[in-house]
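Start with the ligand, then turn to the open pockets. What surrounds each of these spaces?

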Amino acid sequence: MNVDGKPYRTIWLSENGSDVRIIDQTRLPHEFCIASLKSLSDAIHAIRDMRVRGAPLIGITAAFGLGLAMRENHSNSALNDAANQLIATRPTAINLKWAVDELHTQLLNITATEREGFAMRHAQRLAEEDVSICSAIGDHGLEIIREIANKKHSSAPINILTHCNAGWLATADWGTALAPVYKAYDAGIQVHVWVDETRPRNQGASLTAWELLQHGVPHTVIVDNAGGHLMQHGMVDICITGTDRTTAGGDVCNKIGTYLKALAAHDNGIPFYVALPGPTIDWSIDDGLRDIPIEERDGNEVSHIMGGNSAGEITTVRLIPEGSRTANYAFDVTPRRYVTGLITEKGIALASRESLAALYLRQCHATLLENS
Ligand code: MRU
């Protein structure tokens, strides 16, 4: 997507291959900074500190991280150690574990001297695949938005509510939940996005708003608690969110607060869609509430908030009394019964084992065989 008219991906290998470049998302929307990752430790910090974030993007970053690790030391023990460290950075998004496990196995099967080059090429391929997947999600989601537009007998825009950032910043390009929005906007359908601010890290206010603004998509930032009110008053036509892990049975785990939006949508008869690439499906589990580990992050993200001051500096201030405790659960699970449909690169599925398995026959069978 374009930043000030210039096309960017969220991650890429530098021209001479010496380092991996990322957009530092902790500086947005105040500064657009490109950061350089030169070592395994840089990749680990970038993922843990959320300079890169979003399920697909952290998977790709972790694959590049393995490449950087192999540059430092290509022994088996360094490889195993790097894989373990990368997987431990963020436990909920399954793409990260999937990307690391797959590449780890392939690297163990080639000679140590081939590993760095292989891993870097593999990471680049993952990024390319992610772009195609997200573009296809956009095409399928566009049809849902088009259908709503055709039924809405007025010239008013289609109001889409989204939570967190599941836009191009969360992937290599296009995004998941926002890909249909960009495709609809580009197709000339009038859209307007309600952007949940998404405390505590404010991915909606900082990132979703920024990227929608860059593309020219009309949007309004709202506090996290406003969605229910808007839905009660007919101001939301459809909700679309992303997911960090989807179970084989169709439960979805996404940024904390997604569940409450799904409940409000259900109560108000508003379609609640979740957009996802195949790699976020965890075929080994069915019950999201029981089986998905929920990342708990530092309480400082709740007690403090970062923003730009009037002098243009990025600054952090405390919000809560000294001595008050905090809890910082990063994700929640939305049970399948509240999900109208899953927008995937292969088409739209119902949130059910049968419907997902019909789209992803091969992957589903492979996991069943592995576990049998
Ligand atoms: O904690 P984050 O910012 O990595 O969480 C991101 C989300 O919850 C996204 O909605 C999710 O990764 C799906 S994005 C393609």
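Helices and strands here are DSSP runs, numbered from the N terminus; a helix has at least four residues and a strand at least two. Those names are used throughout for the walls of each space. The model is predicted.

Begin at the ligand. A shell of 19 residues surrounds it. The closest are Arg-53, Arg-90, Gln-203, Asn-254 and Lys-255. Arg-53 places a polar side-chain atom 2.6 Å from an oxygen atom of the ligand. The backbone takes part too: a polar backbone atom of Gly-54 lies 2.9 Å from a ligand oxygen. Asp-244 uses its side chain, with an N or O atom 2.9 Å from an oxygen atom of the ligand.

How much of the ligand's accessible area does the protein cover? On its own, the ligand has 410 Å² of accessible area, and the protein covers 100% of it. The space the ligand takes is the largest cavity. Two elements, α2 (55–72) and β11 (252–255), give two or more residues to the shell around the ligand. By class, that shell holds 7 nonpolar, 8 polar and 4 charged residues.

Now move to the open spaces. The largest pocket has a volume of about 790 Å³. Its lining counts 29 residues. Nearest the centre of this pocket lie Trp-98, Gly-278, Pro-279, Ile-281 and Trp-283.

Which element supplies the largest share of this lining? It is α4, with 7 residues. Helix α4 spans 94–108. At least two lining residues each also come from α2, α5 (115–151), β13 (281–282) and α13 (361–371). Helix α2 thus appears twice, in the ligand shell and in the lining of the largest pocket. The lining of the largest pocket divides into 13 nonpolar, 7 polar and 9 charged residues.

The second largest pocket comes next. Its volume is about 470 Å³, and 21 residues line it. Thr-26, Pro-200, Arg-201, Ile-305 and Met-306 lie nearest its centre. Strand β14 (304–308) supplies at least two residues of the lining, as do α7 (203–215) and α11 (300–303). The largest share comes from β14, with 4 residues. By class, the lining of the second largest pocket has 7 nonpolar, 10 polar and 4 charged residues.

Note on methods
Residues are numbered from 1 along each chain as its sequence is written. This is a predicted model: local features need pLDDT of at least 70, side-chain atom pairs count only at pLDDT 80 or more; totals for chains, interfaces and linings use all residues. Side-chain values use heavy atoms; hydrogens and water are left out. A residue is near a molecule or strand if one of its heavy atoms lies within 4 Å of it. A polar contact is a pair of N or O atoms within 3.5 Å; within protein, one must be able to donate a hydrogen and the other to accept it, and residues adjacent in sequence count only if both atoms are side-chain atoms. Accessible areas come from the Shrake-Rupley method with a 1.4 Å probe; for residues, only the protein chains shown count as cover. On a 1 Å grid over the protein atoms alone, a cavity is a set of points where a 1.4 Å probe fits but cannot get out, and a pocket is an open set with protein on both sides within 12 Å along at least five of seven lines; lining residues have an atom within 4 Å of a point. A molecule sits in a cavity or pocket if more than half of its atoms lie within 2 Å of its grid points. Ala, Val, Leu, Ile, Met, Phe, Trp, Tyr, Cys and Pro count as nonpolar, Asp, Glu, Lys and Arg as charged, and the others, Gly among them, as polar. Grid points are joined across faces, edges and corners, and a volume is the space filled by probe spheres set on the points.
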